[in-house]
Amino acid sequence: MIHPTPPGTRDILPEEMRELRALEAALRAAFEQHGYGEVATPTIEYADVLRRGDERYANAAYRFFDERGELLAMRSDMTIPIARLVATRMQDSEPPFRLSYIARAYRAVNPQRGQMREFTQAGVELIGAPAPEGTAEVIQVLSAALDAAGLTRAVVGLGDADLYSQLLAELGVEGEARNRILDRLATHDLVGLELAVDEVDGLDGASRATLLALPGMRGGLEVLNQARELGGTAVERASQRLRATYDSLAARGVADRVRIDLGLLRDLGYYTGAILEVYDPALGHILGGGGRYDTLLGRYGRDLPAAGFALYLERLHLAQAEEERISEENA
């Protein structure tokens with residue numbers, strides 16, 4: 001008789017568990033080497049606390065009532081719980097705070113699309129350090145973590161979370177039309193994006209061309225020059241922010257790993273400024289992501305700039321195995 005696990009979950013047997021624990025140890029060492037102390041938060045939080053951080057985050061959480069009728073939710077990432085922790089438990093300490101974690105998270109997703117309901121995240125949060133230096137430090141730690149995992153070919157995509165919201169405001173695109181375009185950008189649905197742009201009333205040809213051209217721009221600093229040629233205040237501001245971050249990365253010696261990607265838009269609503277996605281040529285899935293969230297701490301009563309990243313441990317493990325296979329074939 002077969003007793004299945006729920007879709008989007010899985011069992012882990014001893015050999016794989018040993019490999020995962022070794023990967024965790026390598027990541028912890030990389031975080032500690034850069035001065036990031038490990039923290040832990042409850043798996044469950046009050047649903048209202050999570051909703052204060054981000055409405056979309058709260059909607060992705062599994063929710064249930066406790067014995068007193070209080071609505072609880074299982075965390076679906078670690079950034080919001082850590083923001084709550086810093087705002088409430090570290091009030092008497094002076095920033096910046098360098099915090100790391102390796103923890104389980106849970107999301108109410110559609111497992112038929114290959115998404116996991118239960119997964120492990122490993123990451124850091126740098127709270128109290130503004131851009132661009134704070135962003136550059138986070139990416140430097142991310143690069144060290146990828147090296148520790150043996151993923152020397154992994155690439156970090158760097159975009160700007162404010163680019164499209166500011167551009168759409170500049171172009172006068174509002175309401176449902178705005179939301180449709182942002183949703184298509186977040187899911188990298190370029191065909192759907194074109195349809196959504198075509199449905200906007202009163203959009204001139206130059207504005208339409210800008211909205212469709214920007215998501216395909218990725219590469220080195222030349223991308224920023226190409227974007228500026230499209231014109232507009234929003235594009236100019238985003239280009240300046242990205243250039244400042246890139247210059248800080250170059251000073252730290254990690255710019256070679258970064259690719260500017262103007263098509264990036266994270267699906268969580270608390271990001272501001274620089275955003276990140278991590279991918280490896282050996283694996284089709286995104287390995288992780290992150291970015292700046294300079295307004296999130298203020299929602300919990302302590303206004304501090306912040307940035308961080310989270311890597312999916314199981315996907316890192318798959319990428320490790322694929323890199324090893326490729327190395328053996330080329331040997």
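E314 is buried, at a relative accessible area of 15%. I start there because the cut-off for buried is under 20%, and E314 falls on that side of it. Please keep in mind that this is a predicted model.

Where does E314 sit? It is in helix α12, which covers residues 313–330. Setting aside residues up to four places away in sequence, E314 touches R10, R104, F119 and T120. There is also a long step in sequence here: E314 and L23 are 291 residues apart along the chain, and their C-alpha atoms are separated by 9.8 Å.

Now the chain as a whole. It has 12 helices and 12 strands. The radius of gyration is 20 Å, close to the 20 Å that the globule rule gives for 331 residues, so the chain is as compact as a globular protein of that length. The C-alpha atoms fill a box of roughly 60 × 60 × 55 Å along the principal axes. Of the 331 residues, 50% count as buried. If you take contacts between residues at least 6 apart in sequence, 68% of them join residues at least 24 apart.

On the surface, the chain exposes about 15700 Å², and carbon and sulfur atoms supply 49% of that. For charge, there are 36 positive and 51 negative, and the mean positions of the two sets are 2 Å apart.

Next, the aromatic rings. The count comes to four aromatic pairs. One of them is Y270 with Y293: the ring centres are 6.0 Å apart and the planes are at 70 degrees, so this pair is edge-to-face. Y270 lies in the loop between β9 (258–261) and β10 (274–279), and Y293 in the loop between β11 (286–292) and β12 (306–312), so the pair ties together parts that are 23 residues apart in sequence. Both tyrosines, Y270 and Y293, are buried. Ring pairs also bring in Y271, making a cluster of Y270, Y271 and Y293.

Then the backbone. Most residues other than glycine have a negative phi, and most peptide bonds are trans. Which bonds are cis here? Among them are P95 to P96, with omega near 10 degrees, and A131 to P132, with omega near 0 degrees. P96 is in the loop between α4 (79–89) and β5 (97–106). P132 is in the loop between β6 (118–127) and α5 (133–148).

P132 leads on to S248, which sits in helix α11 (residues 233–252). Not counting residues up to four places away in sequence, S248 touches P132, E133 and A136. S248 is buried, with a relative accessible area of 6%.

On phi, the residue to look at is H188. Its phi is positive, about 60 degrees, although H188 is not a glycine. H188 lies in the loop between α7 (175–186) and α8 (190–198), and at 40% relative accessibility it counts as partly exposed.

Last, another glutamate. Is E70 buried or partly exposed? E70 is partly exposed, with a relative accessible area of 36%. It lies in the loop between β3 (63–65) and β4 (71–74). Leaving aside neighbours within four places in sequence, E70 is in contact with Y46, F64 and F65. The C-alpha atoms of E70 and A47 are separated by 8.7 Å, with the two residues 23 apart along the chain.

Terms used. Residues are numbered from 1 along each chain as its sequence is written. This is a predicted model: local features need pLDDT of at least 70, side-chain atom pairs count only at pLDDT 80 or more; totals for chains, interfaces and linings use all residues. Side-chain values use heavy atoms; hydrogens and water are left out. Helices (H or I, at least four residues) and strands (E, at least two) are DSSP runs, numbered from the N terminus. The radius of gyration is taken over C-alpha atoms; the globule rule is 2.2 Å times the number of residues to the power 0.38. Buried means under 20% relative accessible area, exposed over 50%, partly exposed in between (1.4 Å probe, protein chains only). Contact means heavy atoms within 4.5 Å. Accessible areas come from the Shrake-Rupley method with a 1.4 Å probe; for residues, only the protein chains shown count as cover. Lys and Arg count as positive and Asp and Glu as negative; His and the chain ends are not counted. The place of a charge is taken as NZ of Lys, CZ of Arg, CG of Asp or CD of Glu. Rings of Phe, Tyr and Trp (its six-membered ring) pair if their centres lie within 6.5 Å; planes under 30 degrees apart count as stacked, over 60 as edge-to-face and the rest as tilted.
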